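Here is a set of short exercises to work through with the model open beside you. Try each task by yourself before you read its solution.

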Amino acid sequence: MSEALAPVADTPAASSGLPPEEIDRMTDAIVAALKTVYDPEIPADIYELGLIYRVDIADDRHVAIDMTLTAPGCPVAGEMPIWVENAVTSVPGVKDVTVNMTFDPPWDQSRMSDEARIALDMW
């Protein structure tokens with residue numbers, strides 16, 4: 001993942017009621033789940049594209065995700081948050097998921113990882 005991407009987990013380790021190893025396990029599994037979601041028009045997953053701005057795992061195992069789209073008029077704008085919710089809900093230990101769509105800041109190509117740049121041949 002490139003340095004341009006925001007941190008995936010926003011969880012205060014010292015004040016969390018979940019053990020650090022459980023947060024690490026859930027974070028890794030959530031990232032893996034997010035990597036199964038693709039924009040049908042782009043051959044790269046939404047995580048590597050930099051569409052995921054924030055993932056927060058609460059003590060009650062509720063996961064809140066802030067995400068964006070490559071453009072506000074994306075044809076799957078109504079469906080993609082549901083795909084994200086379904087993918088993350090399948091992670092063992094996740095109680096429920098809320099996906100918040102935001103366009104602030106707007107997505108741009110600088111948010112893509114090197115993996116996405118390779119997949120899209122964008123150097």
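## Exercise 1: A methionine in a helix

Met-80 is located in helix H3, which covers residues 80–89. Keep in mind throughout that this is a predicted model.

**Task.** Decide whether Met-80 is buried or exposed, and find how far apart Met-80 and Met-67 are in sequence and in space.

**Solution.**
- Step 1: the relative accessible area of Met-80 is 0%. Buried means under 20%, so Met-80 is buried.
- Step 2: along the sequence, Met-80 and Met-67 are 13 residues apart.
- Step 3: in space, C-alpha to C-alpha, Met-80 and Met-67 are 9.9 Å apart.

## Exercise 2: The overall layout

**Task.** State how many helices and strands the protein chain has, in which order they run, and what percentage of the residues is buried.

**Solution.**
- Step 1: counting elements gives four helices and three strands.
- Step 2: reading from the N terminus, the order is α-α-β-β-α-β-α.
- Step 3: of the 123 residues in the protein chain, 41% are buried.

## Exercise 3: The hairpin and its turn

**Task.** Describe how S1 and S2 pair, and find which residue in the turn has a positive phi.

**Solution.**
- Step 1: strand S1 spans 52–57 and strand S2 spans 62–67. The two strands pair in the antiparallel sense, over five bridges.
- Step 2: for the register, look at Asp-56, which stands opposite Ala-64 in S2.
- Step 3: S1 and S2 form a hairpin, and four residues lie between them.
- Step 4: in that turn, Arg-61 has a positive phi of about 70°. Arg-61 is a residue other than glycine.
- Step 5: Arg-61 has 25% relative accessibility, so it counts as partly exposed.

## Exercise 4: A network of charges

**Task.** Find which residues are linked with Glu-22 in a network of salt bridges, and give the N to O distance for each pair, starting with Arg-25 and Glu-22.

**Solution.**
- Step 1: a helpful reminder is that side chains of opposite charge can pair when their charged atoms come close.
- Step 2: the side chains of Arg-25 and Glu-22 form a salt bridge, at 2.9 Å from N to O. Both residues lie in helix H1 (residues 20–34), three residues apart, or about one turn of the helix.
- Step 3: Glu-22 also forms a salt bridge with Arg-61, where the closest N and O atoms are 2.7 Å apart. This pair links distant parts of the chain, with Arg-61 in the loop between S1 and S2 and Glu-22 in helix H1, 39 residues apart.
- Step 4: putting the pairs together, Glu-22, Arg-25 and Arg-61 are linked in a network.
- Step 5: now check the accessibility. Glu-22 is buried, with a relative accessible area of 17%, whereas Arg-25 is partly exposed at 34%.

## Exercise 5: Another salt bridge

**Task.** Find which residue forms a salt bridge with Lys-35, and decide whether each partner is buried or partly exposed.

**Solution.**
- Step 1: the partner is Glu-48, and the closest N and O atoms are 2.6 Å apart.
- Step 2: this pair, too, links distant parts of the chain: Glu-48 is in helix H2 (residues 46–49) and Lys-35 is in the loop between H1 and H2, 13 residues apart.
- Step 3: Glu-48 counts as buried because its relative accessibility is 3%. Lys-35, at 27%, counts as partly exposed.
- Step 4: for the full tally, the count comes to four salt bridges.

## Exercise 6: Surface charge and backbone details

**Task.** Find which residues form a negative surface patch, which peptide bond is cis, and what the phi of Asp-121 is.

**Solution.**
- Step 1: the negative patch is formed by Asp-59, Asp-60, Glu-85 and Asp-96.
- Step 2: one of these, Asp-60, sits in the loop between S1 and S2. Its relative accessible area is 42%, so Asp-60 is partly exposed.
- Step 3: the peptide bond from Asp-104 to Pro-105 is cis, with omega near 5°. Pro-105 lies in the loop between strand S3 (96–101) and helix H4 (114–120).
- Step 4: phi of Asp-121 is near 55°, a positive value in a residue other than glycine. Asp-121 is in the segment after H4 and counts as exposed at 65% relative accessibility.

Technical notes:
Residues numbered from 1 in each chain as written. Predicted model: local features only at pLDDT ≥ 70, side-chain atom pairs only at ≥ 80, totals over all residues. Heavy atoms only, no water. Patch = residues over 30% accessible without salt bridge, like charges linked within 9 Å, V, L, I, M, F, W, Y side chains within 5 Å. Areas by Shrake-Rupley, 256 points an atom, 1.4 Å probe, with all protein chains shown as cover. Lys, Arg positive; Asp, Glu negative; His and termini not counted. Charge placed at Lys NZ, Arg CZ, Asp CG, Glu CD. Buried < 20%, exposed > 50% of the residue type's maximum accessible area, 1.4 Å probe, protein only. Pairing = 2+ DSSP bridges.
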